[in-house]
Amino acid sequence: MHFNVKKNELTIDLGAPPITADTYEYDYRVHHAAFTSVLSTLLTTYKLGTYQPVLAKSWEASTDYKTWTFHLRDDLTFSNGDLISPQIVLSSLKRMALLQKKNESHSGLFEHLVGVEKLVDLTSELPGLILKGNDLVITFNSPVDDLLAKISFGLYGIVHPNNYDQKDGHWISAKEIISSGGYKVDSWSDKEIILSLRNDFKTGLSYPHRAQNIKMIWKES
């Protein structure tokens with residue numbers, strides 16, 4: 001890792017090339033490192049010992065931890081200018097629930113959603129994941145008291161509907177991503193990825209020494 005003061009640019013060696021921006025592949029360490037700042041989650045745990053709001057303003061749980069309500073922001077946009085609307089947040093998370101079900105992937109979270117057994121594509125109703133106005137309500141069949149820690153992981157980053165198929169949820173183009181976070185992808189070649197700071201993305205989180213640009217490289221081997 002190297003910071004160029006004159007260029008206000010941070011250079012990071014990922015060690016291996018990213019293959020796709022698809023959040024479903026986020027368990028691959030390189031993808032997590034490359035796109036954490038590009039895709040926002042409902043909240044973040046990156047300030048040690050705290051849960052800080054990002055796309056959600058606040059949240060609360062029922063006493064049995066089966067129902068969680070997230071009060072969503074309505075003033076943040078993607079890098080293309082589109083509003084990060086509650087419906088887009090819902091659809092993005094529903095996509096992840098569908099992909100995990102289709103691939104029998106058990107993350108300890110969405111396989112416990114109410115009604116997930118009837119989820120066959122993105123047009124299916126999913127009563128465990130609904131909107132009430134600007135509130136996202138997530139309901140589980142059993143208590144999930146560690147939901148905040150789990151849903152803050154990049155696997156549940158919110159993605160633009162143009163990046164995935166609106167029925168089966170598959171990622172359309174591996175190296176295309178519309179940012180929902182504080183940085184956007186300016187270029188992606190065989191040798192490097194260049195991110196630039198989005199000065200229009202204001203969540204209230206304070207990082208006074210942010211790099212204007214981030215260059216991510218990897219060795220050819």
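This report covers salt bridges, two histidines and two residues with positive phi in a predicted model.

## Salt bridges

Side chains of opposite charge can pair when their charged atoms come close. Six salt bridges are present in the structure, and three of them are described here, beginning with Lys-175 and Asp-190. The closest N and O atoms of Lys-175 and Asp-190 are 3.7 Å apart. This pair links distant parts of the chain, with the two positions 15 residues apart in numbering. Lys-175 sits in the loop between helix 3 (147-151) and strand 9 (183-188), while Asp-190 sits in the loop between strand 9 and strand 10 (192-197). Lys-175 is partly exposed, at 38% relative accessible area, whereas Asp-190 is exposed, at 67%.

A salt bridge also joins Lys-184 to Asp-186, where the closest N and O atoms are 2.7 Å apart. Lys-184 has a relative accessibility of 30% and counts as partly exposed. Asp-186 is likewise partly exposed, with a value of 42%.

## The Arg-198 and Asp-200 pair

Arg-198 forms a salt bridge with Asp-200, and the closest N and O atoms of the two are 3.2 Å apart. Is Arg-198 buried or exposed? Its relative accessibility is 3%, so Arg-198 counts as buried, the limit being under 20%. Asp-200 is partly exposed, with a relative accessible area of 48%. That value falls short of the exposed class because exposed requires a relative accessible area over 50%.

## His-71

Strand 6 (residues 67-72) contains His-71. The relative accessible area of His-71 is 19%, which makes this residue buried because the class covers values under 20%.

Which side chain makes a polar contact with the side chain of His-71? The partner is the side chain of Glu-60, at 3.0 Å. Glu-60 also appears among the residues in contact with His-71 once neighbours within four places in sequence are set aside. That list includes Ala-56, Lys-57, Ser-58 and Trp-59. Asn-134 and Asp-135 are also in contact with His-71.

## His-170

His-170 belongs to the loop between helix 3 and strand 9, the loop that also holds Lys-175. With a relative accessible area of 39%, His-170 is partly exposed.

Apart from neighbours within four places in sequence, His-170 is in contact with Arg-95, Asn-163, Tyr-164 and Asp-165. Between the C-alpha atoms of His-170 and Ile-130 the separation is 21 Å, and the two residues are 40 residues apart along the chain.

## Residues with positive phi

Most residues other than glycine have a negative phi. Tyr-65 has a positive phi, near 60 degrees. This residue is in the loop between strand 5 (56-61) and strand 6, and strand 6 is the strand in which His-71 lies. Tyr-65 counts as partly exposed, at 38% relative accessibility.

Glu-104 also has a positive phi, near 50 degrees. Where does Glu-104 lie? Its position is in the loop between helix 2 (86-102) and strand 7 (129-132). The relative accessible area of Glu-104 is 66%, so this residue is exposed, the class being defined as over 50%.

Note on methods: Residues numbered from 1 in each chain as written. Predicted model: local features only at pLDDT ≥ 70, side-chain atom pairs only at ≥ 80, totals over all residues. Heavy atoms only, no water. Salt bridge = Lys/Arg side-chain N within 4 Å of Asp/Glu carboxyl O. Helix = DSSP H or I, 4+ residues; strand = E, 2+ residues; numbered from the N terminus. Buried < 20%, exposed > 50% of the residue type's maximum accessible area, 1.4 Å probe, protein only. Contact = heavy atoms within 4.5 Å. Polar contact = N/O pair within 3.5 Å; in protein donor to acceptor, adjacent residues only side chain to side chain.
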